[in-house]
Amino acid sequence: MASLAFIQAFLESFKGFLNQATLISVLIASVLILFCAILLLLALLLRNRVASYIATTAFLGAFLSMPFVLKVLLTQAIYPIETRILHANPLSYSNAFSLQVGVKNNSKFTLNKCVLRLEVLKNPHNFVEEHAFKWFVKKSYEKTFKERILPEESKVFSFFIDNYPYLKTAPYQVSLFCL
């Protein structure tokens, strides 16, 4: 029964990945997975113990670094964008949050979708919590903008959150990702 829940959770996660994936990102991920599979096959088939250890280490390194390599390739090489936070703060006299971000497409491809995310962080009490709470957020608000942004074109996206229940001094972080 637990394995069925795990498979269902994996399929939901994979469905979310495919909703935000582009042809280029799937192609790069496929090449990286193929490279890892070749390294794993080498590690399993080599008879020499030292060569097998080297291939196993290379497989583990490539497999564990794959998400980071994919992110760097997509955000810095294929789809580089320039973002500016124009306005981001909770409103003083109401329970709302106003966010405005400018984006410029510096790539050679047309961007079709941008995801603007506001993450409310927990209040840190020490150095470790300060860095850990950037990964484990209290609440995440997300808005998807399906607008075409041509190369060298700029757009401004606004996001308004009603019923923002957090204190005006609560820490937050803003991120924007475009495909």
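**Aromatic pairs and burial**

Reader: Which word fits Tyr-79, buried or exposed?
Author: Tyr-79 has a relative accessibility of 8%. This is a predicted model, in which local features need pLDDT of at least 70 and side-chain atom pairs pLDDT 80 or more, while totals for chains, interfaces and linings use all residues. Residues are numbered from 1 along each chain as its sequence is written, and side-chain values use heavy atoms, without hydrogens or water. Buried means under 20% relative accessible area, exposed over 50% and partly exposed in between (1.4 Å probe, protein chains only), so Tyr-79 counts as buried.

Reader: What kind of pair do Phe-59 and Phe-63 form?
Author: The whole structure holds seven aromatic pairs. In this one the ring centres are 5.7 Å apart and the planes stand at 25°. Rings of Phe, Tyr and Trp (its six-membered ring) pair with centres within 6.5 Å, and planes under 30 degrees apart count as stacked, over 60 as edge-to-face and the rest as tilted. The pair of Phe-59 and Phe-63 is therefore stacked.

Reader: What is the relative accessible area of Phe-63?
Author: Phe-59 and Phe-63 lie four residues apart in helix α3 (residues 49-78), about one turn; helices are DSSP runs of H or I with at least four residues, strands runs of E with at least two, numbered from the N terminus. Phe-59 is buried at 15%. Phe-63 is partly exposed, at 44%.

Reader: How many residues apart are Tyr-79 and Phe-109?
Author: Tyr-79 and Phe-109 pair edge-to-face, with 6.0 Å between centres and 65° between planes. Tyr-79 sits in the loop between α3 and β1 (81-90), Phe-109 in the loop between β2 (96-105) and β3 (114-120). This pair links distant parts of the chain, and the separation is 30 residues.
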